[in-house]
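Here are some notes for a colleague who is meeting this structure for the first time. Please keep the sequence and the 3D view at hand while reading.

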Amino acid sequence: HRGAHAVGGRTPFHRLRRTEDASPSTMNEAPNYFSVGATMVPGAASSSPFDHLDPTEVAGGGASPEPAGGRANGMAGMPSASGSQDFVMDGTQSFQDLDISTPLMASALDPVSEQVAQAPFTITVTDPERHGEGMQAFTTYQVATRTSLPQYSSGEARVARRYRDFDWLYNQLLDKWPGVIVPPLPEKLVTGRVTGGAFTPEFIEGRRRQLEVFLRRVTAHAELQQAEAVQVFLEASDEALENAKASSKATGAQSGRWGQLLTDGWFGLRSYYGKSLGGIGIASALPDASVSDRQCLEYKAVVTRLETQVGALHRAAERLVKRRRAESSGMTELGLAFAQLGANSDGDLHRTLATALAQLGVTCDCSARSLADQSEAEADRVDEPLRDLLRQLQQCRAAIQARESAWIHWQAACEALDSKRAKAARAISAEAGDGKAAQMESEIGEGEGLVRQAQQEYEQIKERTNREVPRFQEEVSGDLRSLLLSFVQLQADVAKKEHSLWSQVQPRVDVEAKTR
């Protein structure tokens, strides 16, 4: 169906669009999903591609009210350049096609998201301190907080936290706020403990900066800043923090269903419904993979393309930094060779030539240091920001995956309920007198409750992702603009410095040429 309905071929992130002119004959030939967020049964004829929005209709459980806010319509408030509403996506978007010049329209952002920049927090992470030796060694950081939020016991707090405390906070946010793009945490380092790499000044300073960025992003988020785990992390005593960790671990089996589903996929669904509904009709409860939340699939496709393109850019930046360092080393060797030739000629060379060679050696050494500085600047201002952007894209994918899992969860609940209803109908028609009909009625009531709960959870996560993805896209665009400007300015500054450096040695070489 891609060839029949793709009219543009390449689509910027913020121009996802929709087609409403699908013919029933086309939909009968193959599964087609043209409504963003809609559901359709493969092979089923319909007068409109929007007739099957509710999973309960697919499950045979009857129509249910449309989710709050109406049908999802792509990225709300973001029409295409031509003003049409035709949906286009063929998966061939390239990096140069990303439109980072036009910000999202204000209507695309929820008021909650617009408050992100107004975070009432000031966070610093300072004073790293090493404790212990060998495999038991760890580093603590001083986390200082100023806040105007009334729920905090004091406007200022200062606590010592180690990496595993940050990791606990990160996982709490993932578990309690599905659908929110939780800021990335720097990766764990295990092998470095053996070699001592985890405690080099460079590593510790880099991790300190990343942990500080993590906390600032969390406290700048309009929803995450209200999380109980954030308050515990920022102001609780060590003992209170450990008690909170123990409590969250004890209740994790009940509250961590999303983590299980994200990890186990279909097997997680089988396990969950096998326990909840007695394992009856589970095979039919698993929905066809082609029946899904269309908008969620579009989000995933965009993130996948961005990960591919930004990943390629990051690898190129890494190679550039390595080449700069190799050039710096080569220029140092060349400068030393020039200087040695001029100093050890023993009169074999003209004095002015020997002087010029010595000066050239000094200039090469200065250029080598400039190249080394440039490589470090490019690592800090290009390589690391791109690495961070890839981590953020992974977090965006996790938020979208939570929505997809919620959708599957809802559909599976509907299918399980339908199976229960069918079995109850058979029991009634058989006029069973052993109480099975009453038992099945009770199980149907339980199944209906699970369907309502799953629908509410899905709609909540859907609303979050519809806020988060446009906000994230705007932030990515801003980050890329800053990165491009920083890179261009860096290259201009280096070129100017190199020109000045080599211009100073040129007259000496000219004098030698004229002398000869």
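The points below go through the nonpolar core, the aromatic pairs, the charges over rings and the largest pocket.

1. Please bear in mind throughout that this is a predicted model, and that residues are numbered from 1 along each chain as its sequence is written.

2. A good place to begin is the largest nonpolar core, which has 34 residues, and within which L169, L173 and L215 have the most contacts. Strands β1 (121-131) and β2 (138-147), together with helices α4 (163-176), α6 and α7 (228-235), each supply at least two residues of this core. Helix α4 gives the most to this core, with six residues.

3. Turning to the aromatic rings, the count comes to six aromatic pairs. One of them joins W407 and Y458, whose ring centres are 5.2 Å apart and whose planes stand at 65 degrees; since planes over 60 degrees apart count as edge-to-face, the pair is therefore classed as edge-to-face. This pair links distant parts of the chain, with W407 in helix α14 (residues 351-429) and Y458 in helix α15 (residues 436-515), 51 residues apart.

4. Are the two partners of this pair buried or exposed? W407 has a relative accessible area of 3% and is buried, and Y458, at 1% relative accessibility, also counts as buried, because the cut-off for that word is under 20%. The pair also belongs to a cluster, in which ring pairs link W407, W410 and Y458.

5. Two arginines deserve a look for their placement over aromatic rings. The charged end of R161 sits over the ring of F233, 5.5 Å from the centre of that ring, while R162 lies over the face of F138, at 3.8 Å from the ring centre.

6. The largest pocket holds about 800 Å³ of space. It is lined by 32 residues, and those closest to the pocket centre are G206, R209, Q210, E384 and R391. When the lining is sorted by class, 13 residues are nonpolar, four are polar and 15 are charged.

7. Which helix gives the most to the lining of the largest pocket? Helix α14 does, with twelve residues, and α6 (201-220), α14 and α15 each supply at least two residues of that lining. Two of these helices have come up already: α6 also supplies at least two residues of the largest nonpolar core, and α14 holds W407 of the aromatic pair described above.

Terms used: Predicted model: local features only at pLDDT ≥ 70, side-chain atom pairs only at ≥ 80, totals over all residues. Heavy atoms only, no water. Phe/Tyr/Trp six-rings, centres within 6.5 Å; stacked < 30°, edge-to-face > 60°. Helix = DSSP H or I, 4+ residues; strand = E, 2+ residues; numbered from the N terminus. Buried < 20%, exposed > 50% of the residue type's maximum accessible area, 1.4 Å probe, protein only. Lys NZ or Arg CZ within 6 Å of the ring centre and 35° of its normal. 1 Å grid on protein atoms, 1.4 Å probe; cavity = no way out; pocket = protein on both sides within 12 Å on 5 of 7 lines; lining within 4 Å. Points joined across faces, edges and corners; volume = space filled by probe spheres on them. Nonpolar A, V, L, I, M, F, W, Y, C, P; charged D, E, K, R; others polar. Core = buried A, V, L, I, M, F, W, Y, C linked by side-chain atoms within 4.5 Å.
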